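Here are my notes for you to read with the model open beside them. Take the points one at a time and find each residue as you go.

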Amino acid sequence: MLKNYFKTALRHLVKNKAYTIINISGLALGMGVAMLIGLWVYDELSFDRNFHNYNRIAQVVQNVTNNDQRQTWFNVPVPLAEELRTNYGRDFKQIAMAAYFGNHLVTIDKKNFREEGLAFEKGMPALFSLNMLRGDWNSLNDPSSIIVSASTAKAWFGDEDPINKPVILDKKPPLKITGVYEDFPANSGMAPFKYVANWSWFYNSFGLKDMDDPWRPNFTMLYVQLNDNADINQVNAHIRDAKLKKISAHLAKKKPALFLHPMKDWHLRSKFENGANAGGAIQYVWLFSTIGVFVLLLACINFMNLSTARSEQRAREVGIRKTIGSLRSQLISQFFSESILTVSLAFIIAIGMVQLALPAFNTVAEKQISIPWSNILFWLGCLGFILFTGLISGSYPAIYLSSFKPIKVLKGTFKAGRLAVLPRKALVVLQFTVSVTLIIGTIVVYQQIQYAKDRPIGYSRQNLVSVNINDNIRKHFAAITDELKQAGVITGMTAAGAPTTDIGNSTSGISWKDKDPNLSVDFGVVAGALDYGKTISWELKEGRDFSRDFPSDSSAFILNEAAVRFMGLKKPVGEVVSWWGKPFTVIGVIHDMVMGSPYEQAGPIIYCLAGDNDPEVAILKINPAVSAHAALGKIEPVFKKFNPDEPFEYRFTDEQYAKKFFNEEKVGKLASAFAILAIAISCLGLFGLASFIAEQRTKEIGIRKVMGASVFQVWNLLSKDFIILVALAFVIAVPVAWYFMTAWLQNYQYRASLSWWIFGAAGLALLSITILVVSFQAIKAALQNPIRSLRTE
């Protein structure tokens, strides 16, 4: 019986080629989008699940009060680890610290390059399930040892044995490689790190042991593994005040409260607002999952509409089958077999499309997703996906077509009435409601990105280049500046603690006249050379810039507008501000510079002169009369002359600033691609319906033509209903899109407003596409010879 169902279904598909092509194409597009999104969602949800103790690992983080706001810090002070071990150890199996190395200088066989790495305390390798391919992770207990990932060992030494090979980090005494571990998966937070060094070596080599108050700086990451019987909420309550009990009265003003951030939330729920979890990447998982479901639904609606639209053509078949004894359940099975066969054919095309699209998709999404061809669970999931899609798309047609009364059909009195047309119209409205909502959402995302890009940033980033510097460059800074100016490749050069796209440092030691003694503050600190403001062309609002004519400027501050507002200073220039008890005079105020997120309001920042050892980067202003390529070709040899042992690495400020928009641009690109596909699927269904209705009304059109109807009148006859349905879809979509996009924009402090033109543009675009699709069939039918049409009677 089942074989007969599919044989009959295949015969029907072959007989109606145009109908079959439209259905399979629409379903293939919908299923392809759903599969692509499904693979991405699976990758996101499986983040960090490679760790054996995934459900018991957490990071110790803290909520603190700064500038009258509750903030969440992911770093903690070093002594906290020992405090937890000593007084709170019953809650934990493992407690270990880690420090992020950043792009530090690596030297191997006199070759210099930069790599990201970590420093691990004892116990961390076991905590993070390091799979050692060579050596033993216990070897990391030796301060002079280092372990590397398998890909790093291959990149550094090729096919040579890396064990006991010397590695120099930041020109410190050499370390020896004592182990090689398996690379972490791409969907792991540990994937970017190439090596792991000993914690004690890191702590001693970078002068951290000499801190006056080790509880003050928060720079280490602290990880724990909970005991099997420990409840995370109870542990949170237990450790909450562990730091507060140990710190000075000044630091206690921040009211630090510790809690555990579980590993399952590190990637998807890493955003905190006012001390509470506010989601994060999980919102994009929900967003794209919803898009995937709706795009698949659009394809299913196409199948439903085209199947029910052809009901009169299949009525006689149903009537005859029922007359010779077919049960309704058998007819339903027959129609379901047709939908499942169609979906199966569409799936074959869809999986091929996904395979072809994955390289481009991975580039945009920054993923390494692939189809798991050898995974049996994947194929079982695909089988379920085919059955689910087949049942959804075939449900309404199977129930509707199997309900025909054989007497009416065989008498020739059967006609699909208004009750049959209404569900079809409702489905068309649903299709285009989803499509126009996606169009509006995509426009809003791009508008928000452009709005932030057009925001005044308080300085000129054009032609600015930043270069990391060390002691060699600091000692010869003036000589390098003079040589480059004489060569005519720069108009200015300065030094600072961080590039202009990053604040770099902060302090809680700021006080001023009339400050509330119980107020905890956190001011950004930017230390720059005398020519810092001139080089970056910052915008002075009042007062003056730092100057060589005023030796007292070493004890002077320039404030940004946000700092002046926060401090409540009416006449800031001339005010005295204390920094850890030392007085500084305010000599100027600048317009807020966007140094953090372009979507947030600028925070309070103080600008001061850097000491001789403070600057970490040189900031160069390239001469606009010289091309960037030519200028860098002359800048590099000068830097290499004074610093021959390190690579010359530079970053364009405008490129670094552009990276701040990466996440939103990624979402915009993916959303726009899916929106275009959704519209394509909807239009494919619309084209099929328009074709069928034009074919169904061929005789009527011929008679109207004979009676004198114009091409426009015929076009109006066939197009009017579709345009009304699309207009109705637009009316429904506008409030839906407004609601969801308003909620999305609330994630940004600096945000665009929802202008009327966005909705107008979306509506106009949808109307234009609809008219274009429907007009092709309408005009084709209108131009047909009426004699030929009437001859088909």
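1. Let's begin with Thr442, which is buried, because its relative accessible area is 11% and the cut-off for buried is under 20%. Keep in mind that this is a predicted model. Thr442 sits in helix H14, which covers residues 418-453. Which residues is Thr442 in contact with, once neighbours within four places in sequence are left aside? They are Gly668, Ala671, Ser672 and Ala675.

2. Next, have a look at Tyr657, in helix H20 (residues 653-658). Tyr657 has a relative accessibility of 2%, so it counts as buried too. Skipping residues up to four places away in sequence, you'll find Tyr657 touching Ala452, Ile457, Arg461, Thr501, Val594 and Pro598. Pick out Val594 from that list: it is 63 residues from Tyr657 along the chain, yet their C-alpha atoms are separated by 9.4 Å.

3. Now for the protein as a whole. There are 793 residues, and 50% of them are buried. The secondary structure adds up to 25 helices and 25 strands. If you take the contacts with a separation of 6 or more, 79% of them are between residues 24 or more positions apart. The Tyr657 and Val594 pair, 63 residues apart along the chain, is a handy example of residues far apart in sequence.

4. Helix H16 (residues 477-486) is a good one for practising with sides. Its buried residues include Phe477, Ile480, Thr481 and Leu484. Why do these four end up on the same side of H16? They cover an arc of only 100 degrees around the axis, and that puts them together on one side. Turn to the other side of H16 and you meet Ala478 and Gln486, which are exposed.

5. What covers the buried residues of H16? The cover includes two helices, H15 (471-475) and H19 (628-642), along with two strands, S15 (490-496) and S24 (617-622). After H16 comes Gly488, which has a positive phi, near 75 degrees.

6. On to the nonpolar cores. The largest one has 105 residues, and Tyr532, Trp538 and Tyr607 are those with the most contacts inside it. Helix H2 (residues 17-45) gives this core its largest share, 14 residues. Apart from this core lies another, of 44 residues, with Tyr88, Trp215, Leu226 and Ala230 among them.

7. Trp538 deserves a closer look. Setting aside neighbours within four places in sequence, its contacts include Tyr532 and Tyr607, the two residues named with Trp538 as having the most contacts inside the largest core. Trp538 is also in contact with Gly458, Tyr459, Gly533, Asp545, Phe546, Ile558, Ile590 and Met593.

8. Last, the holes. How many cavities of 30 Å³ or more does a search of the whole structure find? It finds six. The largest cavity has a volume of about 100 Å³. Its lining is made up of Arg114, Val467, Asn468, Ile473, Phe639, Lys640, Asn643, Glu646, Pro647, Phe648 and Glu649. Sort those residues and you get five nonpolar, two polar and four charged. Strand S14 (464-468) and helix H19 each supply at least two residues of that lining. You have already met H19 above, as part of what covers the buried residues of H16.

Key
Residues are numbered from 1 along each chain as its sequence is written. This is a predicted model: local features need pLDDT of at least 70, side-chain atom pairs count only at pLDDT 80 or more; totals for chains, interfaces and linings use all residues. Side-chain values use heavy atoms; hydrogens and water are left out. Buried means under 20% relative accessible area, exposed over 50%, partly exposed in between (1.4 Å probe, protein chains only). The arc is that of the directions from the helix axis to the C-beta atoms. Contact means heavy atoms within 4.5 Å. On a 1 Å grid over the protein atoms alone, a cavity is a set of points where a 1.4 Å probe fits but cannot get out, and a pocket is an open set with protein on both sides within 12 Å along at least five of seven lines; lining residues have an atom within 4 Å of a point. Grid points are joined across faces, edges and corners, and a volume is the space filled by probe spheres set on the points. Ala, Val, Leu, Ile, Met, Phe, Trp, Tyr, Cys and Pro count as nonpolar, Asp, Glu, Lys and Arg as charged, and the others, Gly among them, as polar. A nonpolar core is a set of buried Ala, Val, Leu, Ile, Met, Phe, Trp, Tyr and Cys residues joined through side-chain atoms within 4.5 Å.
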